[in-house]
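Reader: I'm new to this one, and I'd like a close look at a single part rather than a full tour. Could you pick a spot where two pieces pack together and walk me through it and its surroundings?

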Amino acid sequence: MIALTLYTTSHCHLCEEAEAMLISIANNHDITWRSIEIADNNQLLEAYGTTIPAIQITGTSSEIKWPFGAEEILALVKTDTIPK
């Protein structure tokens, strides 16, 4: 299972699109995610305020920021499945 973090904020239609893509991808891939509200944390707000939604492989620095599509999410997920 690959754990992802979705950086988001309320009333963000792009964030809703990103979550819909994750839901679709989860139908065929072993992923899970948690959504993190950036407005509750000044560091996250500074880091992601103009680039949300952003998806990160939890516990790593591997991430993608908007704009992205399902292909980019899959590419991100596949980088975590490559043997190290």
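Author: One term before we start: helices and strands here are DSSP runs, with at least four residues for a helix and at least two for a strand, numbered from the N terminus. Keep in mind, too, that this is a predicted model.

Let's look at helix 1 and its partner, and come in through the loop that leads to it. H11 sits in that loop, between strand 1 and helix 1. Its phi is positive, about 60°, even though H11 is not a glycine. H11 is also exposed, with a relative accessible area of 82%. C12 belongs to the loop between strand 1 (2–8) and helix 1 as well, but C12 is buried, at 12% relative accessible area. Along the chain C12 and I52 are 40 residues apart, yet 8.5 Å separates their C-alpha atoms.

Now for the packing itself. Helix 1 covers residues 13–26 and helix 3 covers residues 70–79; their axes lie 10 Å apart and make an angle of about 60°. That angle is why helix 1 counts as oblique to helix 3. The crossing of the two is right-handed. Who touches whom? From helix 1 come M21, L22 and I25, and they meet A70, I73 and L74 of helix 3. Sorted by class, this contact has six nonpolar residues, with no polar and no charged ones.

I73 is a good residue to click on. Leaving out residues up to four places away in sequence, I73 touches M21, L22 and I25, and also I55, I64 and F68.

Zoom out a little and you'll find the largest nonpolar core, which has 15 residues; L4, L22, I31, I55, F68 and I73 are those with the most contacts inside it. Strand 1, helix 1, strand 3 (54–57) and helix 3 each give two or more residues to this core. Helix 1 gives the most, with four residues. Another core, of nine residues, lies apart from it, and I36, I38, Y48 and I52 are among its members.

Two prolines round off the picture. The peptide bond from I52 to P53 is cis, with omega near 0°, and P53 lies in the loop between helix 2 (42–48) and strand 3. W66 and P67 are joined by a cis peptide bond too, with omega about 10°; P67 is found in the loop that runs between strand 4 (63–65) and helix 3.

Key:
Residues numbered from 1 in each chain as written. Predicted model: local features only at pLDDT ≥ 70, side-chain atom pairs only at ≥ 80, totals over all residues. Heavy atoms only, no water. Axes fitted to C-alpha atoms, helices over the stretch in contact; angles between N-to-C directions. Parallel < 35°, antiparallel > 145°, perpendicular 65-115°, else oblique. Left-handed = near helix turned anticlockwise from the far one by under 90°. Contact = heavy atoms within 4.5 Å. Nonpolar A, V, L, I, M, F, W, Y, C, P; charged D, E, K, R; others polar. Buried < 20%, exposed > 50% of the residue type's maximum accessible area, 1.4 Å probe, protein only. Core = buried A, V, L, I, M, F, W, Y, C linked by side-chain atoms within 4.5 Å.
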